[in-house]
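Trainee: Got a minute to go through this one with me? I'd like to start with the cysteines.

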Amino acid sequence: MKFKYDFLKNIVSQIFMKTGLTQEDANRASEVLLRSNFTGVDSHGLSRLENYVYKLRTGKINVHPNLRQINDDEKLIKLDGDNGLGLVVAPRALDICIDAAKKHGISCVTVNNSNHFGVGNYYGGKIAENDLIGIVITNAAPSMAPFGGIEKLLGTNPIVISIPTGKSAPIILDMATSAVAYGAIEQFALMNRELEPNWAMDLEGNMTLDPKVVTSGNGMLMPMARHKGYGLALVVDILCLALAGAKAGKDIVSIRGRGDDIEHEGVGHMMLAIDISRFGSKEEFKGKVDSYVEFIKNSEKKAGVEEIFTPGEIEYNRLNTNMEDGIDLKENVYSYLEKITREYDILTEGQSLKDFAQ
Ligand SMILES: NC(=O)c1ccc[n+]([C@@H]2O[C@H](COP(=O)([O-])OP(=O)(O)OC[C@H]3O[C@@H](n4cnc5c(N)ncnc54)[C@H](O)[C@@H]3O)[C@@H](O)[C@H]2O)c1
């Protein structure tokens, strides 16, 4: 059962509007959320809607954030996210970053007082579409220990680096600094699947293959590439703390938290954009990137490998296919959408989501 993008966008926007978001913010939040599912990153898409709705409904996240600049500079812009939904505040900050980079050649925008911003490839993709090079980072609630430690102090703090191309898929390196994103562990737990080695460890630091050790709070993620992933997670946290003025490390409240005493997450983001045309002709830049990509893709492959991909290419291909065909919804996502659309009278009496499947 496949669902088309426009149908889901409409439903999800209406859900967000019922929680109090303006139409513009609701549209933007649903765009970011669906970008995740449509690029195949299911861990950061619709499966998180319930949590966002809970937090908006209970006032844990500000439905009408006043995103405001708190320094005085046109290209190095420090924003206060006013505890808004990350899917609203971060895309708005991104627009500011893109506009400033086009005007000044380069810009860096930070946001504090924000919440989980969703899938990184949304941000990298938008920057590349605008013929800019981008670096986007965010910190997240702790789920990883420092290398050699056993205290959960660091988030999966992703890094996105994007580069515009001509005819090839845009380069969008979008990666958690943990071995895998936390959402992937949740997906494995749901499917009762074993983890791969070196993805997770228990609270004593022993590697575990059981995802439920992590999701039950009795374990944590391991960094990607051992000390190197730890180093990357650490610098992201420091930049969000010291430059953006956000919370960091243990002070960040988990997005999954529930209950009256839950404070807001308070994560920070940093976005940097560089206008390629300030370094020479755009066409020449893109031509060079395209030839480079061709050279990489046409290089000799290992036995059994059919194609070499560039960073972001797999997600880009999926996006193109899914925009044509629509996407399947996981059972838990489908049943939540059925429930919430009924509760909010988005579907009329007797209607079911199934009626809108392809
Ligand atoms: N908002 C947050 O707080 C937060 C935190 C952590 C992760 N995330 C998101 O989680 C998502 C998943 O992160 P991840 O690290 O598990 O991603 P991943 O390991 O699936 O992919 C990482 C990068 O590797 C590339 N890649 C994957 N397979 C490839 C292949 N075979 N050949 C060449 N390149 C390949 C991808 O295109 C991507 O750029 C990301 O979108 C990230 O932004 C968000």
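Mentor: A disulfide here is a pair of cysteine sulfur atoms within 2.5 Å. This is a predicted model, where local features need pLDDT of at least 70 and side-chain atom pairs count only at pLDDT 80 or more, while totals for chains, interfaces and linings use all residues. Residues are numbered from 1 along each chain as its sequence is written, and side-chain values use heavy atoms, with hydrogens and water left out.

Trainee: How many disulfides by this rule?

Mentor: Zero.

Trainee: Why is cysteine 108 too far for a bond?

Mentor: Because its closest cysteine sulfur, that of cysteine 97, lies 7.0 Å away.

Trainee: And what about cysteine 240?

Mentor: Cysteine 240 is in no disulfide either; the nearest cysteine sulfur belongs to cysteine 108, 11 Å away.

Trainee: Is cysteine 240 buried or exposed?

Mentor: Buried, at 0% relative accessibility; the cut-offs are under 20% relative accessible area for buried, over 50% for exposed and partly exposed in between, using a 1.4 Å probe and protein chains only. Cysteine 108 is buried too, at 11%.

Trainee: Switching to the sheet: what's the strand order?

Mentor: β2-β3-β4-β11-β5-β6-β7, an open sheet of seven strands with mixed pairing. Strands are DSSP runs of E, at least two residues, numbered from the N terminus, and two of them pair if DSSP finds at least two bridges between them.

Trainee: Which strands stand at the edges?

Mentor: β2 (68–69) and β7 (171–175); each has a single partner strand, so one side of each is left without a neighbour in the sheet.

Trainee: How do β6 and β7 pair?

Mentor: Antiparallel, over five bridges, with β6 covering residues 159–163. Isoleucine 163 has isoleucine 171 in β7 as its bridge partner.

Notes: Helix = DSSP H or I, 4+ residues; strand = E, 2+ residues; numbered from the N terminus.
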